[in-house]
Amino acid sequence: MVKHQPLQVYEKQVFVSFVTGIYGCRWKRYQRSQDDSSRWECTWFVILCSSFLLLLFWAYFWLVAQNDFNEFNWSVYNRSGEWRDETIPILASTTVGFSYITFLLILALFHISLGQQLNLFWVHKIGVLATLLTTISGVVSVDDIWGDEWDILLVSLQSTAPFLHIGALATVTAFSWLVAGYVVRRERSNFQVLVLLIYVVILLAVYLAPLTFTCPCIMDRHSLRPRPDIIGRRGAPMLAPENTMVSFNRALQQGASSLEADVTISVDGVPFLMRDRTLRRTTDVTKVFPARQFDDATLFNWTEIRSLNAGQWFLESDPYWTVETLTAKERGKIGTQTVCSLVEMLRLASRANSSALLNVRKPPPEHPRSRSWFMDTLWAVQKAGISHKRVTWTPDTDRGRVRGLQQTTTEKLSLEEIRQRGITSLTLHYSKASHRDIQEYLTNNVSVTVYPVNEPWLYSLLWCSGVPSVSSDAPQVLRKVPYPIWLMSQYAYGFIWIASDLVSIAIVIGIFCFQNYHMIRWRLSGMQTYNPEQIMLSAVGRRTSRDVNIMKEKLIFSELDNGLSSTEELSLYPENGYARYSHGGH
């Protein structure tokens, strides 16, 4: 009587099936392989990693560039002539693409850790390639439209570098498991030595990276200067239409100590507030004067300008997604706003005991007021009744004729040039105001105002740098920052840095020792239980899985032909790929 025993006993590998199924559409066990991945699949893995790194850079860029979303939309408007929030589709596509590529990369790393052969499904290959090309085209487009914005990456690192360092340290430490598994569990080769060498170099670079950091917020808290004053840039344009009376009022309500406005001179010599060259974006000129909608704003007289509505566009386009937060009364007030004159804004500043920063746009040479525009501006200041000491003049032309006003410039000048021009303060873009320059200016009694500052992280960074004032489109956001987001002493950060490096070193060494010990133990235990079949299978370790399976079948049926006793049991253990005998009753 022959006793039948099962030849193969398979355990369900749900997780492996999930990983290989989604990554390569290999849901069945016979579809999987533990052979080395082909060069073609390794190339796709490199493409996947490159896509992830590029998308990581792209996502970080847009995360910190939120400070300048308004500037981006304005740049697009100047090119296309249509105002719309272009950041929404960019953020949506970036989120989807980054999530997709990250998920595939995690599956690929699981393949490597489980010893499975990489075999990316063709649909995913198309998706990865499409995502990579879309991101590259986005980078090229931004560089063309908004090339100056790349500077924000270096500025943001002054605030985020310590935290990015911890994240990078955790990542390279976790990768030591894969590197150790690859180096320890295989026969030695020059490529393995190269992989190990590259990993060690990257690890050392991450360990020593803080030596290159320049972080103003790593300082003694007792050296922290007073909170920077907030200047309402065009009022509070996220809460009300820019350069209107309601916008300036909202800025003062949100804690702004000063007001900043863009001044344009009408054809009859009346200074009014308008940022754009034309009136199309912020008024209803297309309805009132359709034939003149593309004309320069300086070519309209004050009566025509005053007849335009300057608030309805804000309610209709909702440029900052804030209209829903307004009450019915506020919407009604905004809907009736007209273009604001310089005199009206200065009178408001005078009543609120605040100051004003004027960015005056000089009329073109053919304009009737091209030679008297500065006198028109001075007349408006005089008529408003505000003290000249509380009005700051920005244009570099005709400074000698406006000596009574405070003088500033948007250029980054040397101390000698500042003294020669009689300038008392600088109004600089945040990309031009380094920590060292700010300290030098302040030491020489030159006040510095930085613009545009709309995000708490940038406001905190400039606060730590000692900036006296910032110009912001979002005073309602900055008023909620009573203290820098983070502030740390040099000693405390040094301790965190050294401690995290030491912990990482200990973990990496522990992982390599564990992997090496596990491999030695496995090899020793394997030598004790080897039988002829295992020896033959070991001899063909570099063959394909199909050849190994055929050899297994030949060995199994060879033993059956030789005649197994009824008490002998033949089983195949899939977890190590070897067939083993167990002899009952012996």
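Strand E5 (residues 391-393) runs parallel to strand E4, and 3 bridges join the two. One of the pairings puts Leu357 opposite Thr392, its bridge partner in E5. To get from E4 to E5, the chain passes through helix H15 (residues 373-384), and this β-α-β crossover is right-handed. Keep in mind while browsing that this is a predicted model.

E4 has another partner as well: strand E2 (residues 258-265) pairs with E4 (residues 355-360) in the parallel sense, over 6 bridges. If you want a residue pair to click on there, Asp262 has Asn359 in E4 as its bridge partner. Here are the two pairings laid out together.

| Strand pair | Sense | Bridges | A bridge pair |
|---|---|---|---|
| E2 and E4 | parallel | 6 bridges | Asp262 and Asn359 |
| E4 and E5 | parallel | 3 bridges | Leu357 and Thr392 |

Zooming out, the chain has 22 helices and 11 strands. Of its 586 residues, 46% are buried. Contacts often reach well along the sequence: taking those between residues at least 6 apart, 67% join residues at least 24 apart. The accessible surface adds up to about 30,600 Å², and carbon and sulfur atoms account for 60% of that.

Part of the surface is a nonpolar patch of about 510 Å², built from Phe15, Phe18, Phe103, Ile106, Phe110 and Leu114. Two elements give two or more residues each to this patch, namely helix H1 (14-24) and helix H4 (87-114). Which helix gives the most to it? That would be H4, with 4 residues. Ile106 is a handy one to look at, sitting in helix H4. Its relative accessibility is 41%, so Ile106 counts as partly exposed; the partly exposed class runs between the 20% and 50% cut-offs.

Now for a residue of another kind. Is His165 buried or exposed? His165 counts as buried because its relative accessibility is 5%, and the cut-off for buried is under 20%. His165 belongs to helix H6 (residues 151-174). What does His165 touch, once its neighbours within four places in sequence are set aside? One set of contacts has Val206, Tyr207, Ala209, Pro210 and Phe213 among them. Further along the chain, the contacts of His165 also include Tyr493, Trp497, Ser500 and Asp501.

Key. Residues numbered from 1 in each chain as written. Predicted model: local features only at pLDDT ≥ 70, side-chain atom pairs only at ≥ 80, totals over all residues. Heavy atoms only, no water. Buried < 20%, exposed > 50% of the residue type's maximum accessible area, 1.4 Å probe, protein only. Contact = heavy atoms within 4.5 Å. Patch = residues over 30% accessible without salt bridge, like charges linked within 9 Å, V, L, I, M, F, W, Y side chains within 5 Å. Areas by Shrake-Rupley, 256 points an atom, 1.4 Å probe, with all protein chains shown as cover. Salt bridge = Lys/Arg side-chain N within 4 Å of Asp/Glu carboxyl O. Pairing = 2+ DSSP bridges. Right-handed = clockwise from strand over helix to strand, strands pointing away.
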